[in-house]
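Biologist: Before we start, please keep each answer short and finish it on the value or name I ask for. Let us have the model in view first.

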Amino acid sequence: MNTPVKRRFPLWLTLVPLALGIGAYWLVWSGFRDRFADDIRAVLPAATTEISGFPYRIEDEIKAPALRHDSPGLRATASAEVAVLNRGPWQPDLTVLAFKQPRFAVAVPPLAGASIALSAPLGSASLRLDGKRLARLSTHFDNATLTIGLLPVPLTADSFELHLREMAPAKSEGAAPTAAPVAQFVLKGAGAKLGGGDPLQLTADFNATGSALVRSYAGWAQRGTLELTALTLTDATGEVLTASGSAVPQGGRLALAGTLTTVCPHMLRAAFTGTPAPPEKRLRVAVRMPVTVQGGVVTLGEPPVGWETRPVRGQLPPCPVLRR
């Protein structure tokens, strides 16, 4: 009886499915690459794209990127020595960026003092979009300097984190005295110093309210407000200061009313007046001090009567110097 001869397939045939799979994935990856290049050119028309990263990522390195926006309600600039942009395939709404020598500046010309500028040797960011809405922008900067128009001196820190997100406006505002939050801004600083003061840990949480997403100053100013939900300063010993308040546009300036709570009232007073802070022990119970800004004039109220006789924490280090 003759034994049937087994058919042998050439070895190269076993590689055909693998080659087809790689080729199909290359076509898909190329589609995401082309979309990434289009998105870059839409923001930076003069940029030369050289996208790489196959198969796991989509990456482009751009030399000396620069952006500028100039309108009656907003002026903004952004630049860097180098920017590296990354996306993962199938994640076109999430972009991760790394910067060398980033510089950013934003100002609202109709409002005096409404400006912020940042510079740092290194920085990074992640940007997630939900259609045209900014779902989340998270940034981190090392050894950064932050200049805020409402502060008399720059703010520096070993590291800064800035987070921004837009929230879909509520469908019905009802009889609420203020509109619903439409944007949130969070600032965190490690080793933060105000004009050469002692290093502190800073956290601040702001909300912008309005009837719609903030797309113009004129539209926001009709009913919009800025709400300082919480601001906290701490050192190695504990909490030094907390603040909350609300601001509204008024006559080309922000009118603000808020409350500062601190265990170091002399430190706070010296920071506002720009005078040397006297040696001060921390109070065992914090005191509240009202603060207002009206017509560009800052007024810091006094603590409650009799606060000078409150017990202090003699075993703890003295109050830090908030500003030098």
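**Strand pairing, fold and backbone**

Modeller: Strand β13 (residues 225–234) and strand β14 (residues 239–250) run antiparallel and are joined by 7 bridges. Strands pair here if DSSP finds at least two bridges between them; helices (H or I, at least four residues) and strands (E, at least two) are DSSP runs, numbered from the N terminus. This is a predicted model, in which local features need pLDDT of at least 70, side-chain atom pairs count only at pLDDT 80 or more, and totals for chains, interfaces and linings use all residues. Residues are numbered from 1 along each chain as its sequence is written, and side-chain values use heavy atoms, with hydrogens and water left out.

Biologist: Which residue takes a positive phi in the hairpin of β13 and β14?

Modeller: T234 stands opposite E239 in β14. The hairpin has 4 residues between the strands, and the residue with positive phi, near 150°, is G238.

Biologist: How many bridges pair β14 with strand β15?

Modeller: Strand β15 covers residues 253–262, and A247 of β14 stands opposite L256 in β15. The hairpin of these two strands has 2 residues between them, with G251 at a positive phi near 60°. The pairing is antiparallel, and the number of bridges is 10.

Biologist: What is the bridge partner of T203 in β13?

Modeller: Strand β12 (residues 200–209) pairs with β13 in the antiparallel sense over 9 bridges. On the β14 side of β13, L226 stands opposite A247. For T203, the bridge partner in β13 is T232.

Biologist: What is the radius of gyration of the chain?

Modeller: The chain has 3 helices and 17 strands. For 324 residues the globule rule (2.2 Å times the number of residues to the power 0.38) gives 20 Å, and the chain is well over this, so it is more spread out than a compact globule. Its C-alpha trace spans about 115 × 50 × 40 Å along the principal axes. Taken over C-alpha atoms, the radius of gyration is 27 Å.

Biologist: What percentage of the residues of the chain count as buried?

Modeller: Buried means under 20% relative accessible area, exposed over 50%, and partly exposed in between (1.4 Å probe, protein chains only). Of the 324 residues, the buried share is 35%.

Biologist: Which elements do the buried residues of α3 pack against?

Modeller: In helix α3 (residues 265–273), the buried residues are P265, M267, L268, A270 and A271. An α-helix has 3.6 residues a turn, so residues three or four places apart point the same way. With contact meaning heavy atoms within 4.5 Å, the buried residues of α3 pack against β14, β15, β16 (287–294) and β17 (297–300).

Biologist: Where is P55, the residue joined to F54 by a cis peptide bond?

Modeller: Most residues other than glycine have a negative phi, and most peptide bonds are trans. The bond between F54 and P55 is cis, with omega about 10°. P55 is in the loop between α1 (16–43) and β1 (58–63).

Biologist: Is W90 buried or exposed?

Modeller: W90 lies in the loop between β4 (82–87) and β5 (94–100). Its phi is near 70°, a positive value in a residue other than glycine. At 55% relative accessibility, W90 counts as exposed.

Biologist: What is the relative accessible area of Q101?

Modeller: Q101 is in the loop between β5 and β6 (103–107). Although not a glycine, Q101 has a positive phi of about 55°. Q101 is partly exposed, and its relative accessible area is 30%.
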